[in-house]
Amino acid sequence: MNRRVALLATGFLSAPLVPVLVLAAASPGLGVKPGDLASLLPVAAFLYLPALLLTGALGMPVFIVLWRLNLIRWWSAAISGFASGVLLSLFFTDFRWMKDGRLMADLPGLVAWGLCAAASGLIIWLSWKAGTMRRPGMHDA
C-alpha cells in the first residue's frame, strides 16, 4: 500500500510540470528567452507552487470521485484533465468570450490549456497504474 501512495503522490507532484513548462516557455513577458533553458527554469520554478495547488484542488477531488466510481482509466484521466484545464482557462480569462461573444478568439488558448491539463491527468493516471501493477516475483499469500 505504501508503494501505491508514494507513486500516486509522485504523479500529483509531477503533473503540474507540463502546464508550468508550457506557460513559462510561452511567456516572453516573464523574461523567458526562446530556446534558453537558463531563463525558462526560474520562471517555471516560480509558477510551480500555484500550479501544484490548482492540481491538488481540482485533481484530487476528481481522482477520488473516479476512484469511487471505479472509473480510473486513461481516457477518464484525459477527459477530466482536459475539462479542468478548459474551466481554469475560462476562470482566469474571466469568461470573456461569454461577455463579448468571441469564442473563436479564445478557442486556441482553451484547447492549449485543455491539452496541458489532459497531459497532467495522464501523468497522474500513469502513476496510479504503476502503483496498482504487480511487481515481478510477487506471489499471492
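This briefing walks through the helices, cores and selected residues of one protein.

The model is predicted. The protein has six helices and zero strands. Read along the sequence, the pattern is α-α-α-α-α-α. Of the 141 residues, 30% are buried.

**Overall form**

- The C-alpha trace spans about 60 × 40 × 20 Å along its principal axes.
- About 9300 Å² of the protein is exposed, and carbon and sulfur atoms supply 74% of that area.
- Take the contacts between residues at least 6 apart in sequence: 73% of them join residues at least 24 apart.

**Helix H4**

- Helix H4 covers residues 74-92, which makes 19 residues.
- From its first C-alpha to its last, H4 reaches 27 Å, close to the 27 Å expected at 1.5 Å a residue.
- The buried residues of H4 are Ser-76, Ala-77, Ala-78, Ser-80, Gly-81, Ser-84, Gly-85, Val-86, Ser-89 and Leu-90.
- These buried residues pack against helix H3 (37-68), helix H5 (96-100) and helix H6 (103-132).
- Ser-89 is one residue of H4 to look at in detail. Its relative accessibility is 11%, so Ser-89 counts as buried, the cut-off being under 20%.
- Leaving aside neighbours within four places in sequence, Ser-89 is in contact with Gly-109, Leu-110 and Trp-113.
- After H4 comes Asp-94, which has a positive phi, near 60°.

**Helix H6**

- H6 has 30 residues, so at 1.5 Å a residue it should span 44 Å. The end C-alpha atoms of H6 are 41 Å apart, which agrees.
- The buried residues of H6 include Asp-106, Leu-110, Gly-114, Cys-116 and Ala-117. Further along H6, Ile-124, Trp-125, Ser-127 and Gly-131 are also among the buried residues.
- The buried residues of H6 pack against H1, helix H2 (17-25), H3, H4 and H5.

**Nonpolar cores**

- The largest nonpolar core has nine residues: Leu-8, Phe-12, Ala-15, Phe-63, Leu-66, Ile-72, Ala-77, Ile-124 and Trp-125.
- H1, H3 and H6 are the elements that give two or more residues to this core.
- Another core lies apart from it. This other core has eight residues, among them Val-20, Val-32, Val-43 and Ala-51.
- Leu-8 belongs to the largest core. Leaving aside neighbours within four places in sequence, Leu-8 is in contact with Phe-63, Ile-124, Ser-127 and Trp-128.

**Aromatic pairs**

- A search of the whole structure finds two aromatic pairs.
- Phe-12 and Phe-63 form an edge-to-face pair, with 6.1 Å from centre to centre and 85° between the planes.
- Phe-12 lies in helix H1 (residues 2-14) and Phe-63 in helix H3, so this pair ties together parts that are 51 residues apart in sequence.
- Both Phe-12 and Phe-63 are buried.
- The ring centres of Phe-91 and Phe-92 are 5.4 Å apart. Their planes stand at 70°, so this pair is edge-to-face, the cut-off being over 60 degrees.
- Phe-91 is exposed, with a relative accessible area of 55%. Phe-92 is exposed as well, at 56%.

**Two residues of helix H3**

- Ser-39 lies in helix H3. Its relative accessible area is 11%, so Ser-39 is buried, given the cut-off of under 20%.
- A polar atom of the Ser-39 side chain lies 2.9 Å from the backbone nitrogen of Lys-33.
- Not counting residues up to four places away in sequence, Ser-39 touches Gly-31, Val-32 and Lys-33.
- Ala-57 is also in helix H3. At 52% relative accessibility, Ala-57 counts as exposed, because the cut-off is over 50%.
- Ala-57 and Leu-41 are 16 residues apart along the chain, and their C-alpha atoms are separated by 24 Å.

Key. Residues numbered from 1 in each chain as written. Predicted model: local features only at pLDDT ≥ 70, side-chain atom pairs only at ≥ 80, totals over all residues. Heavy atoms only, no water. Helix = DSSP H or I, 4+ residues; strand = E, 2+ residues; numbered from the N terminus. Expected span 1.5 Å × (residues − 1). Buried < 20%, exposed > 50% of the residue type's maximum accessible area, 1.4 Å probe, protein only. Contact = heavy atoms within 4.5 Å. Phe/Tyr/Trp six-rings, centres within 6.5 Å; stacked < 30°, edge-to-face > 60°. Core = buried A, V, L, I, M, F, W, Y, C linked by side-chain atoms within 4.5 Å. Polar contact = N/O pair within 3.5 Å; in protein donor to acceptor, adjacent residues only side chain to side chain. Areas by Shrake-Rupley, 256 points an atom, 1.4 Å probe, with all protein chains shown as cover.
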